[in-house]
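This report is meant for a reader meeting the structure for the first time. It begins with the whole chain and then turns to one sheet and its surroundings.

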Amino acid sequence: MRGEEARTLTTKGRAVPPWVWTLLVCSTLAVLVAVAGTLLSRQTERISERPPGNRVDDAFRETARRIDDLEVLWEKALDDEAARLLKDGLSLPPDDTVIAGITQRSLLNAGFSDPGRQHLPVDGSTSRWLPVLAHYAREQPGEWVLAESDVLQGSGWITMPGKPLAWWRGNGRLAAVLVLDPLAAAKVVEQDLALRMPDFSGEPGSFSWAGPSGNAWLGDAPDQAKSDEIVRHVSRFGDWTLYRHYPLRVVTRYRVPVLAGSFAVAALLLGGGIAIVSWQRKAIRLAEERVSFVNRVSHELRTPLTNLLLNTDLALDGLPVEDGKVRRRLGLIREETSRLSRIVDNVLAFARIERGTSEAHAVSCSATEVLGEVRESFAPLFERKSIVCDYHEDVQGDVMLDRDALSQILSNLLSNVEKYAGEGAKASVRLSIEGSQLVAEVEDDGPGVPANSRKRIFLPFERAGSRIDEGASGTGLGLAISRDLAERMGGQLELMPSAGGSKFRLAVPLMERNRA
């Protein structure tokens, strides 16, 4: 068996002060409001800016000049081919020369009345378009009626709605007509332009050049809807279009009213939180000062109360037995002094709990002796109120627990019996060992605890609130302190269900005990 050295069982640390949570919540809300306001006030705009320099524009102008030059060359080649037809008759070039864009050759004779034999398609297929002089028109499908006065003298372009582009040349008696496909000629032009294009790598933004077909022959696919600049060049080959997309610059702006409002609300939240924290800290400090004052007063009362109890006991021991009147008065003084001493002990215990300095110390002691001392101190009180209390002890030898805590818990439970059970009540106290626990049960047949107060009675300064306790004195600390002491010893104090009255059960684990 170990000696009677003290052991610390449990220690409760101080809880986080409430003002810390208040400051944390208000600060978090202020930050959230400020962040939300910043996000709501933020406006992001993508602005396209024309890059410095004109490399792309200069290249497009140069390309336009080249297209015009190629158009002149094409026009000359077409005119030469028409002149050959007027001289040599309807035939293909003898040297297999290919002139881009020609799809059909037609030779119109003012004195020849069979237009169907005057056309020579390039691919050898049946002619789709049948150019014919006006006085030979027969309103057949595909006829393309041309006035003699327009095509028998001179040369030039034929542009008519619904008809393909054509070149004509006449000598007064014959007219040569070349039916053209500008897109086919444009492909040759695109090949020529691609060979002359400079390197545009590193050019800010993007661009695309679309030929007459609408497809990009240089750069990305054209996006007309989102282009920042569109430049066109019109030619006989068709329209050549430059689509430019300038580089984007992201500009972020903040709406000042929204931003200012959110920060104002955040400042109010933070300022309100600081004000509440200041008030809470003052209230906590005032409460601590009150507890400290009560603690000091209780300490000051403890010494004179101890002296009163000691001298009262000495006086009772020195009085003769036959002097009953004086002994009763001294006994009453001793009872009330004991009651006041218990109140002081509860106040001091509550102060230690509030400061976080309450600890449980296990020592080797006799639980039976502890109960005997409590029984002896309450005997006069129970006798005066005719309360019959039965005590049952089934504990052999010493046990390891906090002796003072056990004495204070039992005193508080019996004090409740004396206050609330009523005169003539019956009570019982059972002390036993169950497994590795010391179990104490205190039961009475009084009015009991109302159902709605069964949990509340273990809170500080709370009382059951029934009619039987309206005239009873007390601080409302007894059960709160008792439960805290039980938990610090690793046990628990519970209000058990009972048919009538109230029944409290204390179970405390034993560190170590002697067996008889």
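The paragraphs below describe the overall make-up, then a sheet with its pairings, and finally a helix and a single residue.

## Overall make-up

The model is predicted, and its secondary structure comes to nine helices and 21 strands. Of the 516 residues in the protein, 40% are buried. The protein exposes about 28700 Å², and carbon and sulfur atoms supply 54% of that area. Among contacts between residues at least 6 apart in sequence, 65% join residues at least 24 apart.

## An open sheet of five strands

Five strands form an open sheet in the order β4-β3-β9-β8-β7, and the pairing is antiparallel. The edge strands are β4 (119-121) and β7 (153-158), each of which pairs on one side only. Neighbouring strands of this sheet are turned by 10 degrees against each other on average, with direction ignored. In general, the strands of a sheet pair through backbone hydrogen bonds, either parallel or antiparallel.

The table lists some of the pairings in this sheet, together with the number of bridges and one pair of opposing residues for each.

| Strands | Sense | Bridges | One residue pair |
|---|---|---|---|
| β3 and β4 | antiparallel | three bridges | R105 and L120 |
| β3 and β9 | antiparallel | seven bridges | L107 and A176 |
| β7 and β8 | antiparallel | six bridges | G154 and G170 |

Strand β3 therefore appears twice in the table, once with β4, to which three bridges join it, and once with β9, to which it is joined by seven bridges, in keeping with the strand order of the sheet, where β3 stands between β4 and β9. How much of β3 is covered? This strand is mostly covered, since six of its eight residues are buried.

## A helix across the sheet

Helix α2, which spans residues 55-88, lies across β3 (102-109), β7, β8 and β9 (174-180), and runs at about 140 degrees to β9. Among the strands that α2 lies across is the edge strand β7, whose partner β8 covers residues 166-171.

## A buried residue in another strand

Outside the five strands just described, A210 lies in strand β10, which covers residues 206-210. Is A210 buried or exposed? A210 is buried, because its relative accessible area is 4%, which falls under the 20% cut-off for a buried residue. A210 and E190 are 20 residues apart in sequence, and their C-alpha atoms are 9.7 Å apart in space.

How values were computed:
Residues numbered from 1 in each chain as written. Predicted model: local features only at pLDDT ≥ 70, side-chain atom pairs only at ≥ 80, totals over all residues. Heavy atoms only, no water. Pairing = 2+ DSSP bridges. Helix = DSSP H or I, 4+ residues; strand = E, 2+ residues; numbered from the N terminus. Axes fitted to C-alpha atoms, helices over the stretch in contact; angles between N-to-C directions. Contact = heavy atoms within 4.5 Å. Buried < 20%, exposed > 50% of the residue type's maximum accessible area, 1.4 Å probe, protein only. Areas by Shrake-Rupley, 256 points an atom, 1.4 Å probe, with all protein chains shown as cover.
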